[in-house]
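The following note is offered to a colleague who is beginning to read protein structures. Please keep the sequence and the model in view while going through the numbered points.

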Amino acid sequence: MEEIRGNSHAADLRRVVKANEDIKKVIRISSGVNLVALNAMLIAKRSGERSRGFAVVSSELRVFSHKLDGAMSGLGTLIFELVSDAAAMQKQRQEHGHLLAIVAQGKRMRELVAPALARVDERISGTVQEIGRDWQKLSLQLNRVLQLCETGGSLARSAKIEAVYGGDMSNILKQVASRIEETVNEIFSTLKLLRTQLAE
Amino acid sequence: MKKLKFIYENGPHKWAVVARDPEKPGYLIDTNEYLVLNGSEALLADPGGMEIFSAVFSAISAEIDPYTIRYLFASHQDPDIISSLALWLNFNPDLKCYLSWLWGSFIPHFGGTAETFIAIPDEGMSISLGGLMLEAVPAHYLHSSGNFNLYDRKAKILFSGDVGAALLPPEENGLFVENFDRHIRHARDFHRRWMGSNAAKLNWCERVSRLDIDMLCPQHGAIYRGEDVKRFIDWFAALEVGSGIRE
Ligand SMILES: [Fe+2]
Ligand SMILES: [Fe+2]
């Protein structure tokens with residue numbers, strides 16, 4: 001509890017803001033996946049018979065990118081709640097600080113503000129619990145997204161293999177598959193780092 | 001829930017508003033907070049009251065890294081304008097706050113130290129935001145006796161603080177004024193009661209009518225665009241202010 005009341009709490013909002021920036025970055029990157037996946041499908045269509053396998057993989061990629069969209073918007077909602085709760089905590093901590101300044105003036109003052117302090121403490125521990133739940137939900141969702149990214153990664157790898165059989169479209173198909181792989185990897189590494197930071 | 005919306009975008013130069021919130025409890029006056037961005041620097045005009053800090057902070061953070069905010073601008077000393085100051089400073093102690101010299105020793109009751117404030121002289125001043133020049137335009141006695149608007153010549157936007165404010169019913173929740181005549185009914189009593197000086201009002205109207213303005217952005221209510229800007233200035237010029245307790 002002392003941890004949370006003390007200076008570390010302002011740092012807490014900073015930590016939340018940092019996580020928020022990472023997640024926004026990942027959401028931005030992932031919005032590109034949709035386009036790439038759509039592009040892959042169009043190219044596969046154009047190359048027709050020669051890249052049947054790629055067409056199959058690219059439609060799977062479309063499904064994946066939709067799922068990723070959904071997972072990302074979930075992530076966005078959860079981090080928004082966390083930012084909002086952590087910001088609300090700033091105000092409670094400030095009230096707490098004012099009361100502590102009175103407490104510091106001696107025993108009589110301490111007794112005088114004890115009920116007020118207890119009320120603020122209660123509110124703070126409510127918010128702390130809320131923030132704890134927010135982090136928990138967020139890390140569950142992070143795990144989901146990470147799993148999804150693994151699926152996306154192996155899809156991209158199969159797409160690369162299928163691209164080899166794409167005849168004269170081979171090169172374009174390979175490029176598209178690589179783009180998807182890169183994007184998924186970038187999301188994966190950013191979120192993995194974030195998950196490690198959350199665990200600390 | 002408060003949400004950030006962009007109202008002007010020109011490369012790295014943007015204006016956004018955290019517009020009024022239909023879900024906010026009725027006992028708090030609803031406010032608009034404005035963010036001016038220029039690349040990696042931002043200024044938050046009238047950051048709002050402490051009760052809505054969390055809503056404003058999270059709405060901004062959803063779109064923009066809140067660390068890009070380097071400056072706060074307080075049009076005047078009211079609680080709905082700047083009582084969130086200590087909370088902003090707690091998040092980023094390096095923030096600087098522009099405000100009228102008149103309130104230099106009053107606003108620190110909301111928070112901040114001698115290093116926090118940049119005093120605006122009565123005649124106004126230029127404010128540089130990463131090289132973009134903004135102007136603090138005097139609007140004294142409208143309503144506060146030390147009061148400034150913020151003008152962006154390039155974006156042709158005037159943040160007008162309480163001037164132009166309207167207390168709109170919840171169903172009229174549009175970001176912009178759509179029907180001036182209907183809108184202005186909700187601005188009339190506010191201006192008659194909160195604004196006290198007809199001389200200050202005429203002086204403001206005269207100066208502001210010479211500015212090139214596409215959007216006039218008040219702290220309460222909807223934003224005036226295009227022809228409605230001139231309509232508002234004319235309406236205000238003709239209104240007898242300081243008359244809100246008669247009748
Ligand atoms: Fe005011
Ligand atoms: Fe106001």
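How exposed is B:Met133, and what is its relative accessible area? The points below begin with the basis of the model and then take up this residue.

1. This is a predicted model, in which local features need pLDDT of at least 70 and side-chain atom pairs count only at pLDDT 80 or more, while totals for chains, interfaces and linings use all residues. Residues are numbered from 1 along each chain as its sequence is written, chains are lettered from A and ligands numbered from 1 in the order in which they are written, and side-chain values use heavy atoms, with hydrogens and water left out.

2. B:Met133 has a relative accessible area of 45% and is therefore partly exposed. Buried means under 20% relative accessible area, exposed over 50%, and partly exposed in between (1.4 Å probe, protein chains only). The residue belongs to strand β9 of chain B. Leaving aside neighbours within four places in sequence, B:Met133 is in contact with B:Ser126, B:Ile127 and B:Ser128; contact means heavy atoms within 4.5 Å. The C-alpha atoms of B:Met133 and B:Lys154 are 8.4 Å apart, although 21 residues separate the two along the chain.

3. Chain B contains an open sheet of six strands, ordered β8-β9-β10-β11-β12-β13, with mixed pairing. Its edge strands, β8 (125-129) and β13 (224-225), each pair on one side only. Two strands pair if DSSP finds at least two bridges between them; helices (H or I, at least four residues) and strands (E, at least two) are DSSP runs, numbered from the N terminus. Strand β12 (residues 215-218) of chain B runs antiparallel to β13(B) and is joined to it by two bridges. B:Met215 stands opposite B:Arg225 in β13(B).

4. Two residues in loops of chain B deserve inspection. Most residues other than glycine have a negative phi, and most peptide bonds are trans. B:Tyr141, in the loop between β9 and β10 of chain B, has a positive phi of about 70 degrees. B:Lys156, in the loop between β10 and β11 of chain B, has a positive phi of about 55 degrees. B:Tyr141 is partly exposed because its relative accessibility is 49%, and B:Lys156 is partly exposed at 29%.

5. B:His143 is also found in the loop between β9 and β10 of chain B, and a cis peptide bond joins B:Leu142 to B:His143, with omega about -10 degrees. B:His143 (NE2) is a donor of the iron ion (ligand 1), together with B:His76 (NE2), B:Asp78 (OD) and B:Asp162 (OD), at 2.1 to 2.2 Å. Donors are N, O and S atoms within 2.8 Å of the metal (3.2 Å for Na, K and Ca); water is not among the atoms, so sites may look incomplete. Both B:His76 and B:Asp78 are buried.

6. Why is the arrangement around the iron ion (ligand 1) irregular? The four donor atoms subtend angles of 83 to 171 degrees, which makes it so. Four donors count as tetrahedral if all angles lie between 85 and 135 degrees; four count as square planar and six as octahedral if opposite donors are over 155 degrees apart and all others between 65 and 115; anything else is irregular. B:Asp162 coordinates both this iron ion and the iron ion (ligand 2), and the two ions are 3.4 Å apart.
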